[in-house]
Amino acid sequence: MLSMVCANHPREPRVADKTLLPETGLPGPLQQVAALCWRANPLLEVLLITSLSSRRWILPKGWPVEGLSLAQSAAREAMEEAGVIGRAAQAPLGHYHYLKTKSDGTVLPCRVSVFALAVGGQHREWAEKGARELAWLPLAQATRRVSEPGLAQILRDFGKAFQQARRRA
C-alpha cells in the first residue's frame, strides 16, 4: 500500500514505526531525512529553503535513498535541493514530526531525522536550482521562520550546543 501511495516518487519511503495509524490505516510515520546546513564566519548561520508546493521555509529534506545511510541521504538532499556540499554528522541532532500533504490531497505522517551538515561549498548548478528560494540566516531568525515546532526546537538546541563547543575551543 505504501508503494501505491508514493508511487510517483523515485525513492521508496521507509516506515519509521510499524504501528498502523488510526487516521489512515497505514503504517507510520514514514521516515524522512533533513540536513541542517550550517556555516560560521564567525556568526552561525543556517540554510533554509522553501518547499516546492506551500513555499514555507524548511531544511533540505526528503526520502532516504536505498543503499545510503540516513546521514548520506540527508547530504544528498542538501546537494539536490540547495547545491551545497559538506560533511554530515553520522548521528541525528534529533527528530520532528509533520504531516506531508501530497498533490492529490493524501496526507502522510512523517518523522524527520535531522543531521548537521557543515557546509564547505556550493555548486553553481544543481537539480532544483530556480525551483526554491534559499536563505542563509542567523539561527534566531531561521528558528522564527520555520513552522514546525519540533524543527524550531532542534534549531535552538543546535545553537546552544554550538555555543558551548565554541566556548570550550
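A residue is termed buried when its relative accessible area is under 20%, exposed when that area is over 50%, and partly exposed in between, as evaluated with a 1.4 Å probe on protein chains only. By this criterion, 44% of the 169 residues of the protein count as buried. The structure is a predicted model, in which local features need pLDDT of at least 70 and side-chain atom pairs count only at pLDDT 80 or more, whereas totals for chains, interfaces and linings use all residues. Residues are numbered from 1 along each chain as its sequence is written, and side-chain values use heavy atoms, with hydrogens and water left out.

The pLDDT, which is the predictor's confidence in each residue on a scale from 0 to 100, has a mean of 86 over the protein, and 83% of the residues reach 70 or more. Over residues 1-12, pLDDT stays under 50. For this segment the model has 23 contacts beyond four places in sequence, a contact being defined by heavy atoms within 4.5 Å.

Secondary structure was assigned from DSSP runs numbered from the N terminus, with helices (H or I) of at least four residues and strands (E) of at least two. The protein comprises four helices and nine strands, which follow one another from the N terminus in the order α-β-β-β-β-β-α-β-β-β-β-α-α. Among contacts between residues at least 6 apart in sequence, 65% join residues at least 24 apart.

Helix 4 covers residues 149-168. The expected span of a helix is 1.5 Å times one less than its number of residues; for the 20 residues of helix 4 this gives 28 Å, and the end C-alpha atoms are 29 Å apart, which agrees. Within helix 4, the residues L151, A152, I154, L155, F158, G159 and F162 are buried. Viewed down the helix axis, the buried residues fall within an arc of 155°, so they line one face of helix 4; the arc is that of the directions from the helix axis to the C-beta atoms. On the other side of helix 4, P149, K160, R167 and R168 are exposed. The buried residues of helix 4 pack against strand 2, strand 3, strand 7 (94-101), strand 8 (107-122) and helix 3 (139-145).

Nonpolar cores were identified as sets of buried Ala, Val, Leu, Ile, Met, Phe, Trp, Tyr and Cys residues joined through side-chain atoms within 4.5 Å. In soluble globular proteins, nonpolar side chains tend to be buried together. The largest nonpolar core contains 27 residues, of which L36, L48, L59, Y96, V114 and L155 touch the most other members. At least two residues of this core are supplied by each of strand 2, strand 3, strand 7, strand 8, strand 9 (134-138), helix 3 and helix 4. Helix 4 provides the largest share of this core, six residues. A second, separate core of 14 residues includes A78, A82, V84 and L117.

Individual residues illustrate the packing. Leaving aside neighbours within four places in sequence, L48 is in contact with ten residues' worth of partners listed as W57, I58, L59, E133, L134, A135, L137, A142, R145 and V146. Y96, in strand 7, is buried, with a relative accessible area of 2%. The C-alpha atoms of Y96 and C110 are 8.3 Å apart, although the two residues are separated by 14 residues in sequence. Beyond four places in sequence, the contacts of Y96 include C110, R111, V112, V114, L151 and I154. V33 belongs to strand 2 and counts as buried at 0% relative accessibility. V33 and S73 are 40 residues apart along the chain, with their C-alpha atoms separated by 6.9 Å. S73 is also among the contacts of V33 beyond four places in sequence, as are P60, W63, L70, V112 and F115.

Two cysteines, C37 and C110, are each buried, with a relative accessible area of 0%. The structure holds zero disulfides, a disulfide being a pair of cysteine sulfur atoms within 2.5 Å.

Two features of the backbone were also noted. Most residues other than glycine have a negative phi, and most peptide bonds are trans. The peptide bond from N41 to P42 is cis, with omega near -15°, and P42 lies in the loop between strand 2 (30-40) and strand 3 (44-50). R55, a residue other than glycine, has a positive phi near 65°. R55 is placed in the loop between strand 3 and strand 4 (57-58) and is partly exposed, with a relative accessible area of 35%.
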